[in-house]
Amino acid sequence: MDTRFWLIQAFNGISYGALLFLVGSGLSLIFGVMRIVNLAHGSYFLLGGYVALSVIWTTGSWALAIPVAALAVAAIGLLMERVFLRPLGFDPLRQVLLTVGFAFLFQQAALDIWGGDNLDIVPPAKLTQTVVVGRLYLPGYRIFMIAVAATIGVILWLVMEKTRMGAAVRATVDDAQMARGVGIDTSRISMFIFALGAFLAALGGVIGGAFLGVYPGLDFQILPVAFAVVIIGGMGSLTGAAIGALVVGLADNFGKALFPEVSYFTLYAPMALLLAVRPTGLFGRD
Amino acid sequence: MTGTGKVLVVASVLVAILLLTPHTGSFMLLLITRALVLAILAMSLDILLGFTGLASLGQAAYLGVGAYLTAILATKYQFGLGPGFPLVIVLGFAAGAATAAFFGLFAIRATGVYFLMITLALGQCVWGLAYRWNSLTGGDNGLNLPGRPEFAIRLADDVTYFYLVFAFFVASLVILYVLVKSPFGRSLEGIRERELRMRILGYNTWLHKYIAFVIAGGFGGLAGVLWAHANGHVSPEDVVLTTSVDALLMVVLGGSGTLVGGAIGAGVVLFLREYLSTLVPWWQYVLGGVYVLIILYLPGGLMSIPQRIRQRRGATSDLAIAKGLAVTPQ
């Protein structure tokens, strides 16, 4: 094991982390604003990949597939929040259980529409070229993934920190009752955040589809990993989600490379430990 | 309905299951056997969710511990396939309880959704080991058991195995029922309703929750042993997140805080999943749809239907009296 091994593994970890940031940041924001643990979040990821495939099959355009898939799934998330979650009011457990029901419905719908095969999203050839940096041969697609996550991260950060809407969201995360008291429409904020979360997860699904594939069961595979991101970073915090994604991405990669037999254990055990010691995560606030 | 009345209804349903099941054909027989095993798991979860107010998203971990223990003992040490089987059952229970005793140290501190998350993380730890620790667990392929135990009784016979599982189901139901009706069970309900008040009254709420968690883990482990031999196969599928979610779904579907509800939920879920799936391809819509509708319109689960009906009837007769139209209701 030389430096090259460590560099390549670190690079792979960071690029996986980039993908996880897309899934985790939405989940984190949804929790922060609504206190809902959205168990259908993995389904958004999967649906994003499937819708993108349909767009690619009909139009042949990969670039078009990204926004169409993300917006379509955002619309699904928005409907779910408006029609089903919102009327339940503030009953977190029932809301969580309801999202499970939806996860099952989405699973079946995906199976009916797209079948049970392992599918792959093929990105344009330009993106899959190998990039040579020094003595390292890096897959271009992974660099693209990092770039997308970084761009999205910066945009999200700007929206959250610099706009009126972002300030309202932060206020709602901190204290929803107080926010309502000073006239912030928290119901609208919830709707916006839920749609945004679904949008980001679906985006992750499209981009990750070239990397993980798109197949039944992916939804419940990505979900616990996304939770690890959110928990380590702290729920409701954007910076936390970014750092959590990096930690999980790296831990996952090095775990698999160094101790394959206990690799998932090395991912989830620290997560449980952290939750026990500091339930709000590294960057979360109570 | 009075307490005795309810016990009588449950008892007669149980007798009916006991008498009818052996005549239902091999497919149905195995289905009911498996449903009874999962009913034990669901009831163990109900102790946490329904009676203590702790929504655990990792109950499959204990099922997995019991099941893998059985399979590893059987395949690696040829133990538990003869007269050693009763010991395996005890060990399975103990292993589930011990795992819960360890996990509980981390989990019980958390409340609400944080408890949900931490049990999810702990459950994933067990899954990760089952999935990746190839030399011990067989990894993705899992472990195939050589066959069911044979000693004084031949469990290889599906009907005999059904009787065994049925006996354990009834025993679990009775033990858990006694538990929730005991002063300890009442304190758990007190914690569910208002933990702070219980603490002020001098109850050690942490210890109460911890003990409930360990007991639930023990029954989960017991279910695991029976599950391994019901299927003849153990795989990471048994420990995966969706199995924990299933257990939660069973409890909520049947009605949490009722014990029997979890058992009914297990029956309904397994019936939809295994039987309906052989008839129609869109069975999962039914499962998901039923589930969503119950959460939205029947938060008390299927067990609350009789009460709902009574309430509605009560409401209409009250209305009728108010209008001076009805004869005196009984």
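Q: Is the crossing of α12(B) and α13(B) left-handed or right-handed?

A: In this predicted model, the crossing of α12(B) and α13(B) is right-handed.

Q: How is the packing of two helices described?

A: In general, the description uses the angle between the helix axes together with the distance separating those axes. Here, helix α12 (residues 260–279) of chain B packs against helix α13 (residues 283–297) of chain B at an angle of about 160 degrees, and their axes are 9 Å apart. Angles over 145 degrees count as roughly antiparallel, so α12(B) is roughly antiparallel to α13(B).

Q: Which residues make the contact of α12(B) with α13(B)?

A: From α12(B) come V269(B), L272(B), R273(B), L276(B) and S277(B), while α13(B) contributes W283(B), V286(B) and L287(B). By class, the residues of this contact are six nonpolar, one polar and one charged.

Q: How many residues does each chain give to the contact between chain B and chain A?

A: Chain B gives 38 residues and chain A gives 36 residues. On the side of chain B, α5 (112–132), α11 (241–254) and α13 each supply at least two residues. The most come from α5(B), with 16 residues. The side of chain B that touches chain A comprises 29 nonpolar, seven polar and two charged residues.

Q: Where do nonpolar side chains tend to be found, and which residues have the most contacts inside the largest nonpolar core?

A: In soluble globular proteins, nonpolar side chains tend to be buried together. The largest nonpolar core in this model has 201 residues, and those with the most contacts inside it are A69(A), V73(A), A202(A), A42(B) and A121(B). Helix α2 (residues 26–52) of chain B provides the largest share of this core, 15 residues. Beyond its neighbours within four places in sequence, A202(A) is in contact with residues including Y44(A), F45(A), A69(A) and V73(A).

Key
Residues are numbered from 1 along each chain as its sequence is written. Chains are lettered from A and ligands numbered from 1 in the order in which they are written. This is a predicted model: local features need pLDDT of at least 70, side-chain atom pairs count only at pLDDT 80 or more; totals for chains, interfaces and linings use all residues. Axes are lines fitted to C-alpha atoms, for helices over the stretch in contact, and angles run from 0 to 180 degrees between N-to-C directions. Helices (H or I, at least four residues) and strands (E, at least two) are DSSP runs, numbered from the N terminus. Angles under 35 degrees count as roughly parallel, over 145 as roughly antiparallel, 65 to 115 as roughly perpendicular and the rest as oblique. A crossing is left-handed if the near helix is turned anticlockwise from the far one by less than a right angle, and right-handed if clockwise. Two residues are in contact if their C-beta atoms, placed from the backbone, lie within 7 Å. Ala, Val, Leu, Ile, Met, Phe, Trp, Tyr, Cys and Pro count as nonpolar, Asp, Glu, Lys and Arg as charged, and the others, Gly among them, as polar. A nonpolar core is a set of buried Ala, Val, Leu, Ile, Met, Phe, Trp, Tyr and Cys residues joined through C-beta atoms within 7 Å. A residue is buried if 20 or more other C-beta atoms lie within 10 Å of its own, exposed if 12 or fewer, and partly exposed in between; C-beta atoms are placed from the backbone.
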